[in-house]
Amino acid sequence: MNNDYKKKRAEISEIRAEVGILTRSEEILKEQEEEILKDLRVFEEKHGISGYTSAQDELEHVSTLKSELDKQKGQTLEDISEMVQQLHMKIAEKKSALAPIIKELRPMRQKCQELTQVYEENKAAYDALAAKLESSRSQLEQVYFI
């Protein structure tokens with residue numbers, strides 16, 4: 001038990017030492033980056049292309065944003081496609097549910113059209129007969145009441 005404790009303490013000490021080294025390395029690298037960027041700006045100004053690096057960085061940033069937006073658009077299109085597919089499935093289900101009812105309705109519609117035609121023919125005959133009778137009545141009234 002005591003031995004494990006000593007090993008773990010030793011590991012912790014090594015990790016702390018490594019963290020210290022990495023922290024110092026990070027500081028050195030940041031300083032070097034600042035110096036390199038400063039030298040780069042001077043070089044750009046000297047050659048008449050000042051702002052090139054910042055423009056390049058901005059372009060990369062915009063490109064990253066565009067790729068993220070394209071990814072979102074792609075996801076949106078996939079979502080819409082899935083929704084359309086679900087709607088097509090629901091429509092197909094409704095069609096199959098309505099098919100027997102529509103099949104029953106067809107002969108009824110045919111019968112309705114036939115009855116409507118018979119009704120129209122009979123109504124026309126009735127109207128013609130009513131007009132003829134009215135005409136005859138008018139003539140009889142004239143004959144008897146004159």
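This is a short selection tour of helix α2 and its salt bridges in a predicted model.

Start with L59. The residue sits in helix α2, which spans residues 52–145. L59 has a relative accessible area of 54% and is exposed, because the cut-off for that class is over 50%. Keep L59 selected and add M89, which lies 30 residues away along the chain. A distance label between the two C-alpha atoms should read 45 Å.

Next, turn to the charged side chains. The model has six salt bridges; three of them are visited here, beginning with K123 and D127.

Select K123 and D127. Their closest N and O atoms are 3.2 Å apart, and the pair forms a salt bridge. The two residues are four apart in helix α2, which means that about one helical turn separates them. K123 is partly exposed at 37% relative accessible area, and D127 is partly exposed at 37% as well.

Now select E134 and R137. This salt bridge has its closest N and O atoms 2.4 Å apart. Both residues belong to helix α2, with a spacing of three residues, about one turn. E134 is partly exposed, at 38% relative accessibility; R137 is partly exposed too, at 40%.

Keep R137 and add E141. Their side chains form a salt bridge, 2.4 Å from N to O. In helix α2 these two are four residues apart, again about one turn. E141 has a relative accessible area of 33% and is partly exposed.

Finally, show E134, R137 and E141 together: salt bridges link them in a network. R137 takes part in the bridge to E134 and in the bridge to E141.

Terms used. Residues numbered from 1 in each chain as written. Predicted model: local features only at pLDDT ≥ 70, side-chain atom pairs only at ≥ 80, totals over all residues. Heavy atoms only, no water. Buried < 20%, exposed > 50% of the residue type's maximum accessible area, 1.4 Å probe, protein only. Salt bridge = Lys/Arg side-chain N within 4 Å of Asp/Glu carboxyl O.
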